[in-house]
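Reader: I would like a close look at a single position in this chain. Please start there, say what surrounds it along the sequence, and then set it against other positions and the chain as a whole.

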Amino acid sequence: QRRVHGQYHVAQPEPAYHGMNFAEQFGKIGFVMKARAVGLRDFGPCMAPMNALLTITGIETLPLRMERHCLNARKVAEFLSTHPQVKWVSYSGLPTSPYFALAQRYFPEGPGAVFTFGVEGGMEAGRKVVSKCKLWSHLANIGDTRSLIIHPASTTHRQLTDAQRVLAGAGDEVVRLSVGLENAEDLIADLRRAMESDP
């Protein structure tokens with residue numbers, strides 16, 4: 001067989017597949033089909049043992065972790081809902097939420113651990129809360145075991161106009177939380193200190 005850049009050419013017959021010419025058989029997607037068929041055979045579709053162990057461990061412990069995520073989120077949301085520097089909390093696990101009944105019906109174990117709240121003082125106050133947190137990690141992703149915090153208006157949604165940010169639910173006062181597995185009282189204390197500290 002003729003080799004191109006160290007690999008068998010897609011237009012040559014493949015002995016492992018009874019001489020099939022992937023280019024003739026599959027046309028424009030011949031390369032993709034050969035990469036899939038031959039690549040999977042050569043490299044194996046199985047995970048490395050350590051990757052498999054980590055994946056199955058994560059799957060097996062997911063219910064326990066979600067229970068803690070939801071419990072912590074509820075405690076943090078309850079704290080924020082009573083704090084004088086918080087304008088609103090958008091968490092369907094609070095009885096004041098317009099979606100509380102739906103959350104109870106569809107998510108009786110808890111409506112997750114990602115939610116937003118509005119801080120008094122707009123853009124600068126939102127930035128300050130994020131920058132003053134020590135335990136919460138300033139990251140844009142969600143669903144981590146660590147608790148994450150971000151001010152979307154000055155980060156992920158910064159390129160939008162003011163009106164677009166408001167429509168996207170990322171107004172100047174919005175802070176987004178992804179509540180992790182740490183001690184809830186520690187998370188609350190960190191947020192309290194961040195909101196009540198001097199600029």
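Author: I start with His18, which has a relative accessibility of 82% and therefore counts as exposed, the cut-off for that class being over 50%. The model is a predicted one, and the values that follow are computed from it.

His18 sits in a loop, with strand 3 (13-14) on one side and strand 4 (20-21) on the other. Its backbone deserves a remark: phi is positive, at about 55 degrees, although the residue is not a glycine. To sum up this position, His18 is a loop residue, it is exposed, and its phi is positive.

Another loop position can be set beside it. Thr96 belongs to the loop that runs between strand 5 (86-90) and helix 4 (100-106). With a relative accessibility of 70%, Thr96 is also classed as exposed, because the class begins over 50%. A distance gives an idea of the span of the model: the C-alpha atoms of Thr96 and Pro15 are 67 Å apart, with their places 81 residues apart in sequence. Pro15 falls between the two strands that flank the His18 loop, strand 3 (13-14) and strand 4 (20-21).

That distance can be read together with the overall dimensions. Along the principal axes, the C-alpha atoms of the protein chain fill a box of roughly 75 × 40 × 35 Å. The radius of gyration is 25 Å, where a compact globule of 199 residues would have one near 16 Å. Buried residues account for 36% of the 199 residues. The chain exposes about 12,300 Å², and 59% of this area is supplied by carbon and sulfur atoms. Its secondary structure consists of 7 helices and 9 strands. Among contacts with a separation of 6 or more, 62% join residues that are 24 or more positions apart.

Asn72 is an example of the opposite class to His18. Asn72 lies in helix 3 (residues 49-81), and its relative accessibility of 2% makes it buried, since buried means under 20%. Beyond its neighbours within four places in sequence, Asn72 is in contact with Val179, Gly180, Leu181, Glu182, Ala184 and Leu187. Cys70 also falls within the range of helix 3 (residues 49-81), and at 8% relative accessibility it is buried. Cys133 has a relative accessible area of 8% and is likewise buried. The search of the whole structure finds 0 disulfides.

Two further positions belong to helix 6 and the loop that follows it. Val166, in helix 6, is exposed, with a relative accessible area of 59%. Its C-alpha atom is 9.1 Å from that of Ala153, and the two residues are 13 apart along the chain. Gly169 comes in the loop between helix 6 (162-167) and strand 9 (174-178). A relative accessible area of 45% places Gly169 in the partly exposed class, because that class lies between 20% and 50%. From C-alpha to C-alpha, Gly169 is 9.1 Å from Pro152, which is 17 residues away in sequence.

As for charge, the protein chain carries 22 positive and 19 negative side chains, and 7 Å separates the centres of the two sets.

Conventions: Residues are numbered from 1 along each chain as its sequence is written. This is a predicted model: local features need pLDDT of at least 70, side-chain atom pairs count only at pLDDT 80 or more; totals for chains, interfaces and linings use all residues. Side-chain values use heavy atoms; hydrogens and water are left out. A disulfide is a pair of cysteine sulfur atoms within 2.5 Å. Buried means under 20% relative accessible area, exposed over 50%, partly exposed in between (1.4 Å probe, protein chains only). Helices (H or I, at least four residues) and strands (E, at least two) are DSSP runs, numbered from the N terminus. Contact means heavy atoms within 4.5 Å. The radius of gyration is taken over C-alpha atoms; the globule rule is 2.2 Å times the number of residues to the power 0.38. Accessible areas come from the Shrake-Rupley method with a 1.4 Å probe; for residues, only the protein chains shown count as cover. Lys and Arg count as positive and Asp and Glu as negative; His and the chain ends are not counted. The place of a charge is taken as NZ of Lys, CZ of Arg, CG of Asp or CD of Glu.
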